[in-house]
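Open the model in your viewer and keep the selection box at hand. We will go from one stop to the next, selecting a few residues each time and looking at what surrounds them.

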Amino acid sequence: MTSYRYSKLEDQAKDIRLVNLWPGRRDDNIRLTISHTSLVKPPTQLAQRMSLQKIRETLPSSWSAYETTEGQYLFQHHETDHTSWAHPLTHIDPSSYELPPEVESSQFSPNYEALSYTWGTKANSEIAYIESEDTESSTLQIQENLASALRHLRYENKPRTLFVDAICINQEDIPERNNQVTRMADICTLAHRVVVWLGPTSNNSKLGISTLEYLGAQVESMKDNWRCHSPNATHPTWYHPSCRLPYDQEAWNAIYDLINRPWFGRLWIVQEIHLANHRATIQCGYDEISWPRLRRALICVVEKTELPSQEFSDKAVKLNRLMEYFPESNFDSLIYLSTHQHCVDPRDKVYGLLGLASPKIAATVRPQYSSPVGTVYRDIFLLLLDQMQRLDSLRYAKWQQELEEQFSSWIPDWSNLEVESTAYGNLPSAASLSRAHATFVSPNLLQVTGIFCATVSFVCDPVGQQAAHISEAIQRWAPNNLQTGSYVTGESLLDAFASTLTENELRDRYATIGSYPTLQEVKSDIFGDMVKTEDLSNGETWNRNILRRLSSRAFITTEEGYFGLGTPSTKPGDIVCAILGCAFLIVLRPAPSNKASSGSLPSPWKVRIKLDSNGYDKIYFINSLTGESTHEDPRLEALPSHWEELEAVRTPDDPLLFGRFRNKLTGEVRNSDPRLLPEALEKRGVKIETFELV
């Protein structure tokens, strides 16, 4: 029998292939039919229901409304914590706020399911038999995990229509592959549902799924990352991070084994599952759980202040990024959220996320699998710079580790699963709302504008993965006069050192995140007896976060008296800079204050963070003496008379930090503050420099 030969897709812009999986029993040969069909996205229907903001305006003062990740509106009473799917005012017509009924999938053609799975290795491949009416049968080699999936998914008495990328895309035809990758968003979105294959049943997978099925029914997750109990919950306190779940070790092991399956670490599944509708299902062997319920359950698990082990906690950190809701994320943030996801071809670190990119990015990027990896990454970097006028992707730049000879030091290395960033700081506000002033000089030079902040004088190596090292690191890193000294910014050394260990993940700054400790709690817990020596791997989540942070970060001090956490590759003599248009402080290695481009924040003003309606950090400033709160930076003068600030509604093309400003004379609208242009900063006495990155 001959090997299957692909026929060309007639219209690359519209046509796809689908697999018709023939019925059969478990051990029967796998028989398929491969057909061509047109897949055209139908016109978008405008939403008929009230917006969330309008719904909130109709509520009594004691009620709030949220939108779940599935799009439903949920109502919550402040005092009683009661939740409901129904508006508290009965005269409000439910049809004005409920999700409109879905169009039956049978009304859309073609009707198919999209399979999401891991390819696995090419070892132990199996033969699938391709049936055809026009020609004789042929064979196609498929990998072991796919063969297992098809055996479990096929019906015994009727065919099943699927989109399976390894079969439906001719992987040997690079031009076709380039084109079909750009169609994955439509393929997943227009499928009747996405079916996730985790693999065959194991001895505890049934327990893992049933445990998560029940937990997912207790909690609701909102688009702004707020959590609460489901209106139908039988255990309404389980959603809270501090509530201990009543699971024995067997149940915890079953959950861990399930989430440790390869599917959760694959990059392509990020867009496949986030583009899926609410009918998406997760299948392990013959057991199933809906994706929305699994997602809610895992969000509940990973946010717990107590987890059964450090290994589980480390896995939870990576899993949390996959569970996040990020439809308004810009492409740079999407890449960051997918840092830990694996792919075989390093180009897929960007191509594998195009389905989630904004229409502007998706329409501009054309996958080129024949191009060198460094060229692909450079072009994406320059595209993001052009689209957003920001340089936030510099945080992924690497030193002394090149994929190719032409891989310049400023080009992001997105291929590295554990990004060792050249950026410093958890709070991304180094350059405030400034826009980038950068020039690319072909082939490898990038000129950027910014401010020199400090010179690195000492680097203390990371402490490794063992919890016992943490107390040793604190003792080794702590300044001699920790309890009595003053930091260069005017605060106490103890406050500055404790804030550094947490990278400012403090409730003093993030007032709405109850799982974060206060500065006083950190000082009391870690420095109560100067330095505690017990193992920090147990206890509160924030203790585990400190442990994780210190295990891979170096302690950095500068000639100017600043200190912070940085990457192990940092060396004495490196310089810390605030680059205009980059939210992160960047470390550069010359050639030849912890200050932002606007200078130090004057007393008594403090920076605070709150979440916007999409769950993104939003910076505001509070006067610690008067309690006055404002989003206006107190370091800046009033806007010039010919500029005005507009409402800043986030889109996927906006950078992490942005505003909306309009020039009343020209009509120009930009996402950066005109008061932070280089010429405006220089008028205020700020020394602006040009750095050439090679």
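## First stop: strands 2, 7 and 8

Select L32 together with I130, which is its bridge partner in strand 7. The strands and helices named on this tour are runs assigned by DSSP and numbered from the N terminus, a helix (H or I) having at least four residues and a strand (E) at least two. Now widen the selection to strand 2 (residues 30-38) and strand 7 (residues 126-130), which pair in the parallel sense over three bridges; two strands are said to pair if DSSP finds at least two bridges between them. Add strand 8 (residues 138-142), which runs antiparallel to strand 7 and is joined to it by five bridges, and look for A128, which stands opposite L140 in strand 8. Strands of a sheet pair through backbone hydrogen bonds, either parallel or antiparallel.

## The whole protein

Before going further, note that this is a predicted model, in which local features need pLDDT of at least 70 and side-chain atom pairs count only at pLDDT 80 or more, while totals for chains, interfaces and linings use all residues. Residues are numbered from 1 along each chain as its sequence is written, and side-chain values use heavy atoms, with hydrogens and water left out.

Colour the protein by pLDDT, the predictor's confidence in each residue on a scale from 0 to 100. The mean is 86, and 88% of the residues reach 70 or more. Among the elements, strand 9 (residues 160-163) has the highest mean pLDDT, 98, and strand 15 (residues 423-424) the lowest, 46. Select residues 529-539 as well, where the pLDDT is below 50, although the model gives this stretch 24 contacts beyond near neighbours in sequence; a contact means heavy atoms within 4.5 Å.

In total the protein has 19 helices and 28 strands. Of its 694 residues, 55% count as buried, where buried means under 20% relative accessible area, exposed over 50%, and partly exposed in between (1.4 Å probe, protein chains only).

## Helix 2

Select helix 2 (residues 144-153), in which nine of the 10 residues are buried, so this helix is largely enclosed by the rest of the structure. Among the buried ones are N145, R151 and H152.

## Helix 7 and its aromatic residues

Move on to helix 7 and show the side chains of its buried residues, A251, W252, A254, I255, Y256, L258 and I259. They pack against strand 10 (193-199), helix 6 (205-216), strand 13 (281-284), helix 9 (291-302) and helix 10.

How many aromatic pairs are there in the model? The count is 20, where rings of Phe, Tyr and Trp (its six-membered ring) pair if their centres lie within 6.5 Å, and planes under 30 degrees apart count as stacked, over 60 as edge-to-face and the rest as tilted. One of them is the tilted pair of Y256 and F312, with 5.6 Å from centre to centre and 45° between the planes. Because Y256 lies in helix 7 (residues 249-259) and F312 in helix 10 (residues 310-323), the pair ties together parts that are 56 residues apart in sequence. Y256 counts as buried at 14% relative accessibility, and F312 is buried too, with a relative accessible area of 2%. Select Y214, W238, Y247 and W252 as well, since these four form one aromatic cluster with Y256 and F312.

## D392 in its loop

Select D392, which lies in the loop between helix 14 (373-388) and strand 15. Is D392 buried or exposed? At 5% relative accessibility, D392 counts as buried. Leaving aside neighbours within four places in sequence, D392 is in contact with D332, G581, C582, A583, F584, P655 and L656. D392 and F584 are 192 residues apart in sequence, yet their C-alpha atoms are 6.8 Å apart in space.

## Last stop: a sheet of three strands

Finish with the open sheet whose three strands have the order 25-26-27 and pair antiparallel. Strand 25 (643-646) and strand 27 (669-670) stand at the edges with a single partner strand each, so one side of each is left without a neighbour in the sheet. Four bridges join strand 25 to strand 26 (residues 660-663), and here you can find E644 opposite R662 in strand 26.
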